[in-house]
Amino acid sequence: MAEDSAPTVNRRRVLQGVAGGTVGAMAGCSFFERDQDATTSEVDPERSASLAEQFAPILYFDEDEQWFPTDPRQWESEQDGETIVSGFDAFEGYVNAGGAEDPPAASVFYHALEYDNSPLAVVQYWLYSAFDQFATNFHWHDWELLQVFVDTDSGEPQLFVASAHSRSAPNNEHLDPDPDRRPRLLSELGSHSSGLSVNNDPTRFQRLPLDDSGADITNSVIDGIEDIAAIPLAYGLPRDEGLTLPYLIPELDGAPVYDHSKLPSVERSDMITGSLTIDSFRGLRSPPSDLPSRETGLQFDHEGRDNSDADVGYTLEPTSEVEHITDFTGEQLSFPFYVPEFGEDLVSGHITTTGVPWNDPRYENPANDITEANHRQTLADRYDAIGDPSQANQVLASVTSMVSSDDAPEGDGLTDVSSPLELFTLFQSEPRAVPTFQGIAAVQGVPEGEHTFTVNGAGVAPHSETVTVTEDDAPDLAGVEGRVPVVANENATKLEVDPRESESPINNFAVEDDFAGRIYDAPLEGPDAVYVHEGGAFTAEVRDTDDEVGAVRVNPDPSESPRIEKPETGKESLATYLADVAEETRVQVAQFAEEDSDGDNSPGNSGGGGTGGPVQGLTQVLQAIEDAARRAAKRARENDRANTDQQLDAVITRLARAEQRLEEARGALPDEIANAADNRLEQLTRRSEQARNSEKL
């Protein structure tokens with residue numbers, strides 16, 4: 001891939017207010033427009049402490065975790081008359097105080113609220129870490145949140161809500177948990193996103209019921225993408241589900257953060273281990289396949305538990321003890337999320353730090369964090385204090401890997417497969433990249449309108465397209481019917497289209513592979529491009545404002561990126577395409593016939609190779625289709641509509657004959673050549689009908 005084909009986002013620019021995005025948003029927020037909830041009041045200190053101790057979570061961390069929950073007051077300072085915590089001070093101080101080897105001041109902060117005139121109370125557990133190093137979302141400081149909704153009449157928990165990466169990612173939630181079992185959190189390495197564990201194995205996340213054991217989450221299954229299994233719409237814990245998730249080293253001023261002069265005690269060993277870390281997404285020729293899966297390391301529990309098996313005991317502190325801190329500061333870190341060159345100006349920065357919990361809307365109304373509509377509806381049915389859910393715009397896609405198909409001739413067809421690599425999605429309206437889970441991209445709370453949606457990951461070429469989000473009950477799908485295929489860097493080539501010199505007002509661009517079908521379909525307002533697999537055989541389709549169609553055959557040359565500089569619609573465009581594909585198929589079939597003419601026509605022994613055999617008959621009718629299509633294109637250029645349509649009628653008649661000849665020759669052809677001819681004849685039939693029905697020459 002060309003060196004300039006996937007530039008970095010400018011590391012010093014910050015996304016500010018683009019379509020509602022907010023830099024500095026709290027990690028794990030989920031703010032949607034919904035029915036009004038009742039107001040809340042703080043529970044008195046004695047009851048608050050009692051509730052906090054009753055449901056104090058057990059925390060399980062990855063064996064490679066570097067930043068455990070601690071007390072930020074150790075590193076507070078005064079700035080302009082206010083108390084702040086500097087990112088440099090916290091990171092340097094945390095390492096000096098023991099770091100991962102001897103976690104300092106293990107702390108969990110709690111905040112208890114009750115909804116007015118209701119028996120529904122909520123205990124919030126806020127966990128502070130000095131740094132967040134996820135694969136793309138890294139920043140100074142980190143506040144994560146677990147919420148336990150409790151019925152104070154019965155004393156039983158109603159709902160656990162463990163916050164995921166951002167306001168756009170679905171949280172991990174469990175309705176009606178076992179009242180005799182405290183919540184257990186499985187903290188994601190580096191990011192500290194919280195998976196729930198409520199079942200028999202406390203150290204593992206279980207998305208679906210298994211072996212008579214219930215799931216760790218009760219989120220509803222995904223509805224809207226037909227070609228994926230029904231799995232709960234929740235972020236989960238990817239590395240615990242056997243999925244590859246590579247990490248990167250954050251940079252500041254062009255160098256790794258641990259080399260900065262203000263962090264003299266910080267070393268490379270204070271970051272996530274090298275076995276899980278890559279230099280950049282772009283630098284890999286293919287996705288990594290040898291990254292280790294999650295293994296459980298340290299276990300934390302409330303120090304007041306006499307029977308705890310924990311490695312570390314944490315103190316429970318009310319958040320009122322830290323509410324005097326007005327800000328958590330830090331300089332902008334680099335952002336390694338690469339976007340296609342044609343979309344780079346639409347994504348311009350990344351989060352630099354986190355806010356303070358007491359300025360977060362969830363701090364006063366915990367129900368703001370419920371991302372599962374059925375959970376909110378259940379609480380609304382039980383308690384008047386909770387309003388009914390309202391629609392939150394949601395974008396879904398199944399992200400797959402595009403590879404060469406075994407059913408196609410070499411270099412002439414693709415298929416898409418699932419990948420153990422988790423990827424990342426980014427909307428221009430949201431400053432944080434949202435990880436996929438189980439190969440599913442799910443972005444919530446997207447504003448209505450058009451957005452640029454980018455998918456990227458380690459070792460794959462970025463995919464970027466326009467997605468139109470509407471205000472309705474159904475999720476909006478990115479890609480083609482919710483499918484977004486990506487390509488390994490080593491196989492990627494950029495297919496470009498430039499409609500500016502076209503005689504037609506082109507407004508849509510789509511790409512189909514002979515075997516994989518339609519893989520790209522997006523509005524077109526100017527030059528566009530999509531990374532495709534160099535081993536595919538493509539139909540590039542354009543449409544204009546009159547809904548007229550045009551097509552161009554594209555067979556990528558690995559040495560040169562294909563470019564469609566003057567796409568056109570109408571009969572001439574389609575007839576030329578018909579001729580090109582008929583010729584390509586004829587040459588491929590004829591080449592086999594020549595190579596096999598002195599043999600026994602081994603795949604089928606039907607006399608296919610020699611003159612007069614069924615293979616020869618197929619090549620002859622393909623030649624006739626090609627000739628008629630080229631005559632149709634010539635007549636269209638001459639503005640001769642009647643003779644253009646006459647030649648197109650001849651193409652349609654001969655295509656029916658070609659299908660018959662293919663059936664006769666199928667036993668004499670290798671399966672992959674027969675498959676290719678079959679797919680192309682189907683494509684030619686569809687395009688010939690479009691050409692015949694076109695109003696435009």
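This tour visits the whole chain, then three helices, and then three loop residues of a predicted model.

**The whole chain**

Begin with the entire protein chain displayed as a cartoon. How many helices and strands does the protein chain have? It has 8 helices and 32 strands. Next, display the surface. The accessible surface of the protein chain comes to about 26,400 Å², and carbon and sulfur atoms account for 40% of that surface. Of the 697 residues, 60% count as buried. Consider also how the chain contacts itself: among contacts between residues at least 6 apart in sequence, 72% join residues at least 24 apart.

**Helices α6 and α7**

Select residues 614–637, which form helix α6, together with residues 641–665, which form helix α7. The axes of these two helices lie 8 Å apart, and the helices pack at an angle of about 165 degrees. Are α6 and α7 roughly parallel or roughly antiparallel? Because angles over 145 degrees count as roughly antiparallel, α6 is roughly antiparallel to α7. Their crossing is left-handed. Colouring the contact by residue type will show its composition: the residues where α6 meets α7 comprise 17 nonpolar, 4 polar and 6 charged.

**Helices α7 and α8**

Keep α7 selected and add helix α8, residues 671–693. Here the axes come within 10 Å and cross at roughly 155 degrees; α7 and α8 are therefore roughly antiparallel to each other. The crossing of α7 past α8 is left-handed.

Now show the side chains where these two helices meet. On the α7 side, the residues in the contact include Leu648, Val651, Ile652 and Leu655. On the α8 side, Ala677, Leu681 and Leu684 are among them. Charged residues can be found here too, including Asp645, Asp649 and Glu659 in α7 and Asp678 and Arg692 in α8. In total, the contact of α7 with α8 divides into 11 nonpolar, 2 polar and 5 charged residues.

**Asp407**

Move to Asp407, in the loop between β17 (394–404) and β18 (414–417). With a relative accessible area of 48%, Asp407 is partly exposed. Which residues does Asp407 touch, not counting those up to four places away in sequence? They are Phe515, Glu672 and Asn675. Two of these partners, Glu672 and Asn675, fall within the residue range of α8 that was selected earlier. To see a separation along the chain beside a separation in space, select Ala676: it is 269 residues from Asp407 along the chain, while the C-alpha atoms of the two are separated by 8.4 Å.

**Asp473**

Select Asp473 next, which is found in the loop between β23 (463–469) and β24 (476–477). Is Asp473 buried or exposed? At 69% relative accessibility, Asp473 counts as exposed, because the cut-off for that class is over 50%. Add Gln391 to the selection and determine the distance between the C-alpha atoms: the two residues are 82 apart in sequence and 6.3 Å apart in space.

**Ser561**

The last stop is Ser561, in the loop between β31 (549–554) and β32 (563–564). Ser561 has a relative accessible area of 39% and is partly exposed. Leaving aside neighbours within four places in sequence, Ser561 is in contact with Thr493 and Lys494. Finally, select Glu534, which is 27 residues from Ser561 in sequence and 9.0 Å from it in space, C-alpha to C-alpha.

Conventions
Residues are numbered from 1 along each chain as its sequence is written. This is a predicted model: local features need pLDDT of at least 70, side-chain atom pairs count only at pLDDT 80 or more; totals for chains, interfaces and linings use all residues. Side-chain values use heavy atoms; hydrogens and water are left out. Axes are lines fitted to C-alpha atoms, for helices over the stretch in contact, and angles run from 0 to 180 degrees between N-to-C directions. Helices (H or I, at least four residues) and strands (E, at least two) are DSSP runs, numbered from the N terminus. Angles under 35 degrees count as roughly parallel, over 145 as roughly antiparallel, 65 to 115 as roughly perpendicular and the rest as oblique. A crossing is left-handed if the near helix is turned anticlockwise from the far one by less than a right angle, and right-handed if clockwise. Contact means heavy atoms within 4.5 Å. Buried means under 20% relative accessible area, exposed over 50%, partly exposed in between (1.4 Å probe, protein chains only). Accessible areas come from the Shrake-Rupley method with a 1.4 Å probe; for residues, only the protein chains shown count as cover.
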